[in-house]
Number of protein chains: 2
Amino acid sequence: MNTADLGLPVDVPSTALFTDQYELTMLRAALKAGTAERRSVFEVFTRRLPNGRRYGVVAGTGRVLDAVENFRFDPGVLGFLRERRIVDEETLEWLAGYRFSGDIWGYPEGEVYFPGSPILRVEGSFAECVLLETVILSILNHDSAIAAAASRMASAAGDRPLIEMGARRTHELAAVAAARAAYVGGFATTSDLAAGFRYGIPTVGTSAHAFTLLHDRERDAFQAQVETLGRGTTLLVDTYDVAEAVRTAVEVAGPELGAVRIDSGDLLLVAHRVRQQLDELGATDTKIIVTSDLDEYAIASLAAAPVDAYGVGTQLVTGSGHPTSSMVYKLVARADSADPKAPLVPVAKKSSGGKMSVGGRKWAARRLDADGTAEAEVVGTGPVPAELADRQLLVPLVRGGTVVAREPLDVPRERHIAARANLPLSATQLSRGEPVIPTEYVHGRSGS
Amino acid sequence: MNTADLGLPVDVPSTALFTDQYELTMLRAALKAGTAERRSVFEVFTRRLPNGRRYGVVAGTGRVLDAVENFRFDPGVLGFLRERRIVDEETLEWLAGYRFSGDIWGYPEGEVYFPGSPILRVEGSFAECVLLETVILSILNHDSAIAAAASRMASAAGDRPLIEMGARRTHELAAVAAARAAYVGGFATTSDLAAGFRYGIPTVGTSAHAFTLLHDRERDAFQAQVETLGRGTTLLVDTYDVAEAVRTAVEVAGPELGAVRIDSGDLLLVAHRVRQQLDELGATDTKIIVTSDLDEYAIASLAAAPVDAYGVGTQLVTGSGHPTSSMVYKLVARADSADPKAPLVPVAKKSSGGKMSVGGRKWAARRLDADGTAEAEVVGTGPVPAELADRQLLVPLVRGGTVVAREPLDVPRERHIAARANLPLSATQLSRGEPVIPTEYVHGRSGS
């Protein structure tokens with residue numbers, strides 16, 4: 001693979017400009033100071049979960065790997081940097097040869113995380129690692145926020161499938177990444193064709209109110225849709241009068257009608273009435289799909305309603321109140337040279353002001369209780385305690401610049417289901433609460 | 001221009017897949033029913049502003065024009081639709097020749113809007129217009145949300161410049177659009193190199209805590225930065241002890257030091273102390289830049305503090321609590337044929353459930369009081385009242401498929417400043433309130 005893969009329906013040549021300018025000015029100054037090649041360890045973590053959330057969901061890792069692989073400075077980009085005088089000639093020359101050659105470890109995609117979890121660890125020279133800050137954070141902060149909302153919605157929905165339909169409520173390319181993250185978090189399908197094209201996620205969709213309004217009578221619209229898409233289609237029944245539309249729908253399609261969609265009103269009440277009417281009309285197998293500003297709470301409130309599937313838009317793609325994940329990318333250890341044998345010195349910002357970090361290259365493990373349920377996120381420096389050796393959370397993702405952990409999207413989706421199932425039961429309570437397991441720090445003697 | 005222009009640092013060939021599947025299935029059914037060519041009018045509007053907001057800001061219009069121009073179904077896309085059996089061969093053939101050939105009118109970018117404002121009006125055949133729903137809404141819903149937050153921050157900041165630095169908190173390409181929208185809303189610069197490359201927005205950035213931590217002493221880091229970037233650079237002074245860092249910074253750079261940046265702590269308190277210290281050290285011209293989870297309220301609270309510039313990230317790119325704009329794209333009128341003389345029939349969803357629309361092809365004008373201050377958003381169908389003839393808000397953007405309204409990004413930026421200045425004074429109050437002017441509807445006799 002030699003083109004960037006950002007969740008676009010097309011390839012783009014480079015991810016190198018998804019970068020904040022200060023990364024290049026730091027590089028320039030470090031090259032001049034002779035410190036650019038110091039062996040360094042950066043970690044991605046969050047100081048807290050969004051208010052009230054009990055767990056986070058790692059998503060976007062696969063996109064990060066593509067972005068790192070395609071982080072290259074082509075002549076167009078170098079010309080821009082030269083023209084704007086953002087860096088000098090020496091730095092431009094260094095950038096022209098840039099290929100990430102270090103190692104990346106991380107929580108596998110779909111895994112859950114907690115405050116302080118070292119979700120990603122990037123190791124190499126300061127120069128090669130510092131440049132990746134913005135693109136890595138953009139991807140993980142966005143995708144994990146969507147996946148966390150999706151996971152809550154999926155646990156609220158139980159066995160009923162969730163349809164992602166939020167493309168119109170977010171940036172057109174963020175939408176493609178959101179559909180991917182939603183799938184990792186437990187959604188079944190998406191309305192976004194670009195997400196189907198790019199990631200193979202199953203796509204769905206039938207019609208909007210405009211289609212009914214285009215025709216002289218609702219019956220004409222239903223007829224046209226059934227003739228074209230078959231009796232198994234989903235008819236939208238809330239353009240005019242719902243009861244009349246349901247009657248017409250079954251008249252037109254017969255009891256083989258696939259589903260009706262309700263997009264407004266008191267969904268709990270309307271779903272019960274429509275179910276009763278469908279049953280009375282003999283359309284006992286016709287399903288009911290509801291859509292209309294749903295979030296995890298609305299989904300949960302419909303648990304006892306005769307609803308067969310949920311379509312979710314705005315609240316999914318905006319992270320249900322938490323559109324970003326507050327992950328940061330921090331230098332946690334560095335040597336005084338490029339020598340792989342030079343000792344790593346733990347470093348951390350010390351100034352008071354609520355942005356403390358824990359220095360040192362970290363490992364992480366999830367401690368289980370006797371029943372195999374997670375009881376703590378253990379984060380440490382130095383040697384891993386023997387009893388946690390087989391509970392390590394960080395896996396190799398990139399070795400010597402080569403991606404070693406590609407996987408099809410169903411793998412993180414299944415992994416997330418398993419990881420969530422292993423948390424204490426209160427993890428899936430929707431009410432606000434603390435992280436469902438505490439984070440414990442174990443400080444080793446050495447930061448390396 | 002023949003490649004898509006989505007605010008990417010690169011061109012992509014088509015925007016046609018930024019589409020919800022139902023648009024294609026509606027097209028397919030309408031082609032079969034013989035209704036696809038009916039002359040139609042779709043409008044973009046919002047039923048309400050985000051809770052407490054007093055005005056909205058139109059942003060993304062320029063990106064919409066590019067997206068419409070590049071909405072093409074190339075062989076790769078057609079192959080995907082065929083393989084997934086989303087449409088039939090007749091529809092594929094129709095799509096292969098797709099070029100939008102209709103007219104688009106809209107509020108010019110940077111203009112303010114209110115509930116019911118017809119922000120964009122798309123006219124053509126049902127078939128050609130229905131396909132554009134998702135991509136138009138994605139762009140306007142995202143970009144307008146960011147611009148609205150930017151505008152509030154800009155009025156809170158007064159004459160002090162705002163730096164956009166949120167790329168790491170949102171999707172990597174949403175970030176580029178966000179920087180653009182922030183500029184329209186009043187920001188001065190961005191840290192995002194992709195936004196500088198793509199839109200020519202001025203970029204800024206110097207260093208992070210990692211740069212200080214990389215070096216053996218803070219003094220070494222400052223020295224390296226000043227030697228490379230000059231005395232006019234901005235030194236980050238809150239890695240260890242702020243007072244010590246400020247002393248070191250002035251020792252290293254002299255009183256010509258450009259600025260210091262403070263990224264944590266009680267910014268009000270710290271800014272006052274740092275200002276006093278800088279003045280005592282003779283660095284009276286050295287500026288103070290603050291960054292650290294700022295929003296419009298935090299900016300306003302620093303109005304009396306000795307701060308020279310604000311860097312804003314998370315709260316900007318997430319719309320300061322309102323990451324999307326709830327705009328919808330609705331069929332409001334249609335004829336019973338393609339004949340341009342066939343009368344347009346106003347249409348609207350009728351079902352109760354809080355999603356009412358107003359049918360008919362609309363005009364909009366802003367009525368001014370005797371002092372020239374806006375006093376109402378007037379939206380109507382039928383003839384425009386004579387007294388509002390020169391207050392029309394909709395301008396032609398696309399005529400017969402050709403974009404007629406491209407403009408450099410400084411134009412909507414200036415337009416926004418003028419439009420906001422024309423609102424009643426309470427528009428820029430940060431406290432929650434109602435839309436600053438009411439929307440009045442004038443119903444004409446004809447929907448055409």
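# A tour of two chains, two helix pairs and a cavity

Helix 1 of chain A and helix 4 of chain A are roughly perpendicular to each other, and this pair is where the tour of this predicted model begins.

**Stop one: a helix pair in chain A.** Select residues 21-33 of chain A, which form helix 1, together with residues 89-96 of chain A, which form helix 4. Two packed helices are described by the angle between their axes and the distance between the axes. Here the angle is about 110°, and the axes of the two helices lie 10 Å apart. Angles of 65 to 115 degrees count as roughly perpendicular, and for this reason the pair is described in that way. Now show the side chains of L24(A), L27(A), R28(A) and L31(A), with which helix 1 of chain A makes the contact, and then those of E90(A), T91(A), W94(A) and L95(A), which belong to helix 4 of chain A. If you colour these contact residues by class, you will find five nonpolar, one polar and two charged.

**Stop two: from chain A to chain B.** How is chain A laid on chain B? A turn of 180° with a shift of 0.0 Å along the axis does this, and the RMSD is then 0.0 Å. The two copies are thus related as by a two-fold rotation axis. With both chains in view, look at the surface where they meet: the same surface serves both copies, since 100% of the contact residues of chain A recur in chain B.

**Stop three: the helix pair in chain B.** Select residues 21-33 and residues 89-96 of chain B, which are helix 1 and helix 4 of that chain, and which pack at an angle of about 110° with their axes 10 Å apart. This makes helix 1 of chain B roughly perpendicular to helix 4 of chain B. On helix 1 of chain B, the residues to show are L24(B), L27(B), R28(B) and L31(B), while on helix 4 of chain B they are E90(B), T91(B), W94(B) and L95(B). By class, this contact has five nonpolar, one polar and two charged residues.

**Stop four: the largest cavity.** How many cavities of 30 Å³ or more does a search of the whole structure find? The search finds seven, and the largest cavity holds about 150 Å³ of space. To reach this cavity, select T170(A), P323(A), T170(B), V317(B) and P323(B), which lie nearest its centre among the 15 residues of the lining. The lining is made up of six nonpolar, seven polar and two charged residues.

Conventions:
Residues numbered from 1 in each chain as written. Chains lettered and ligands numbered in written order. Predicted model: local features only at pLDDT ≥ 70, side-chain atom pairs only at ≥ 80, totals over all residues. Heavy atoms only, no water. Least-squares fit on C-alpha atoms with pLDDT ≥ 70 in both. Contact = heavy atoms within 4.5 Å. Axes fitted to C-alpha atoms, helices over the stretch in contact; angles between N-to-C directions. Helix = DSSP H or I, 4+ residues; strand = E, 2+ residues; numbered from the N terminus. Parallel < 35°, antiparallel > 145°, perpendicular 65-115°, else oblique. Nonpolar A, V, L, I, M, F, W, Y, C, P; charged D, E, K, R; others polar. 1 Å grid on protein atoms, 1.4 Å probe; cavity = no way out; pocket = protein on both sides within 12 Å on 5 of 7 lines; lining within 4 Å. Points joined across faces, edges and corners; volume = space filled by probe spheres on them.
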